[in-house]
Amino acid sequence: VQITQPFYMGIHEVTQAQYRKVMDKNPSYFSAEGGGKKTVAGLDTGDFPVETVSWEDAVEFCKRLSALAKEQETGRVYHLPTEAEWEYACRGGPVSSPAPFHFLKPSSSLSFGQANFWAENPYGGGTKGKVLNRTCRVGSYEPNRLGLYDMHGNVLEWCQDGYDKDYYRNSPIEDPQGPKSNSENRRMLRGGSWGYYGVNCRTAQRVRYEPGNRSYGIGFRVVFRPGVRTP
């Protein structure tokens with residue numbers, strides 16, 4: 001598919017501090033108040049990705065962020081990315097490389113030290129390493145060529161789209177927005193998480209969950225599309 005309309009994407013996954021500022025709460029498991037507090041004892045998790053958020057939570061965050069006075073002054077309205085926007089951004093823009101991973105250069109493997117994933121199970125001959133077994137500060141690993149961090153691992157990221165396994169066989173070539181029907185009541189996630197094997201952190205890997213699902217492996221990032229005013 002082709003992306004013809006411009007968009008800006010957050011270089012990081014939405015953090016716990018950012019989520020608290022907008023939503024006045026922090027639902028994260030890996031936080032001082034969360035169920036995983038022993039795992040992160042002594043750590044400032046403000047710059048860790050927010051997790052344990054549903055698709056509905058992420059959409060509500062976008063609405064409240066868009067409603068802030070400073071955002072309204074500039075006309076910025078925030079959304080979740082479409083699947084197509086997410087993959088385009090992950091691959092670093094309009095590149096021809098079919099590589100499954102994209103850092104400053106495309107890569108056919110995923111190794112310990114490149115992303116926060118279950119590093120005992122790397123991909124494509126990648127190097128094994130110690131599993132962190134939790135989220136970590138956003139931006140801890142090398143970005144891709146667009147300057148986006150943690151597109152592989154750390155937390156799965158909610159996308160706007162509903163699920164249809166055959167959607168991209170029949171979708172519009174330009175700027176697909178996801179299927180009009182969502183009969184399975186599932187929403188798409190991309191990128192893999194800290195608990196995922198390397199194979200499941202690939203750029204093209206598609207994951208679907210019910211929109212109300214909350215897990216400490218699920219977060220999100222936001223996009224802003226110039227000229228689009230509807231949250």
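These legends describe close-up views of a predicted model.

**View 1. Helix α4 is mostly covered.**
Helix α4 spans residues 83-90, and seven of its eight residues are buried. Those buried residues are Glu 83, Ala 84, Glu 85, Trp 86, Glu 87, Ala 89 and Cys 90. They pack against strands β1 (8-9), β3 (101-102), β5 (156-162), β6 (187-190) and β9 (223-224), and against helix α5 (167-170). Gly 92 follows the helix, with a positive phi near 85°.

**View 2. A salt bridge ties helix α4 to the loop between β6 and β7.**
The side chains of Glu 83 and Arg 206 meet at 2.9 Å, N to O. Glu 83 belongs to α4 and Arg 206 to the loop between β6 and β7, so the contact ties together parts that are 123 residues apart in sequence. Glu 83 counts as buried, because its relative accessibility is 1%. Arg 206, at 25%, counts as partly exposed. Salt bridges with shared partners join Glu 83, Glu 87, Arg 91, Arg 190 and Arg 206 into one network.

**View 3. Four strands make an open sheet.**
The strand order is β7-β6-β5-β8, and the pairing is mixed. The edge strands are β7 and β8 (218-219), each of which pairs on one side only. β5 and β6 run antiparallel and are joined by three bridges. Gly 162 has Arg 187 of β6 as its bridge partner. β6 and β7 (residues 207-209) also run antiparallel, again with three bridges. Here Met 188 has Arg 208 of β7 as its bridge partner. β5 and β8 pair in the parallel sense, over two bridges. In β8, Ile 218 is the bridge partner of Leu 156.

**View 4. Strand β6 is covered on both faces.**
Arg 187 and Leu 189 lie on one side of the strand, Met 188 and Arg 190 on the other. All four are buried. Arg 187 also lies over the face of Trp 55, at 3.9 Å from the ring centre.

**View 5. Arg 208 sits over a tyrosine ring.**
Arg 208 lies over the face of Tyr 163. The distance to the ring centre is 4.3 Å.

**View 6. Tyr 8 and Phe 224 stack.**
The structure has 13 aromatic pairs. In this one, the ring centres of Tyr 8 and Phe 224 are 5.6 Å apart and the planes meet at 10°, so the pair is stacked. Tyr 8 lies in strand β1 and Phe 224 in strand β9, so the pair ties together parts that are 216 residues apart in sequence. Tyr 8 counts as exposed, at 54% relative accessibility. Phe 224 counts as buried, at 16%.

**View 7. Phe 101 and Tyr 123 meet edge-to-face.**
The two rings are 5.6 Å apart, centre to centre, with 65° between the planes. Phe 101 is in strand β3 and Tyr 123 in the loop between β4 and β5, so the pair ties together parts that are 22 residues apart in sequence. Phe 101 is buried, with a relative accessible area of 0%. Tyr 123 is partly exposed, at 28%.

**View 8. Four rings form a cluster.**
The members are Tyr 29, Phe 30, Trp 194 and Tyr 216. Ring pairs link them.

**View 9. Arg 221 and Glu 157 form a buried salt bridge.**
A search of the whole structure finds 13 salt bridges. In this one, the side chains of Arg 221 and Glu 157 meet at 2.8 Å, N to O. The pair links distant parts of the chain, 64 residues apart: Arg 221 is in the loop between β8 and β9, and Glu 157 is in strand β5. Arg 221 counts as buried, at 0% relative accessibility. Glu 157 is buried too, with a relative accessible area of 0%.

**View 10. Glu 71 and Arg 76 form a salt bridge.**
Their side chains meet at 2.8 Å, N to O. Glu 71 counts as buried, at 12% relative accessibility. Arg 76 counts as partly exposed, at 27%.

**View 11. Two asparagines have positive phi.**
Asn 133 has a phi near 65°. Asn 154 has a phi of about 70°. Asn 133 lies in the loop between β4 (106-107) and β5, and Asn 154 lies in the loop between β4 and β5 as well. Asn 133 is partly exposed, with a relative accessible area of 40%. Asn 154 is buried, with a relative accessible area of 0%.

Conventions: Residues are numbered from 1 along each chain as its sequence is written. This is a predicted model: local features need pLDDT of at least 70, side-chain atom pairs count only at pLDDT 80 or more; totals for chains, interfaces and linings use all residues. Side-chain values use heavy atoms; hydrogens and water are left out. Buried means under 20% relative accessible area, exposed over 50%, partly exposed in between (1.4 Å probe, protein chains only). Contact means heavy atoms within 4.5 Å. Two strands pair if DSSP finds at least two bridges between them. Rings of Phe, Tyr and Trp (its six-membered ring) pair if their centres lie within 6.5 Å; planes under 30 degrees apart count as stacked, over 60 as edge-to-face and the rest as tilted. A charge sits over a ring if NZ of Lys or CZ of Arg is within 6 Å of the ring centre and within 35 degrees of the ring normal. A salt bridge is a side-chain nitrogen of Lys or Arg within 4 Å of a carboxyl oxygen of Asp or Glu.
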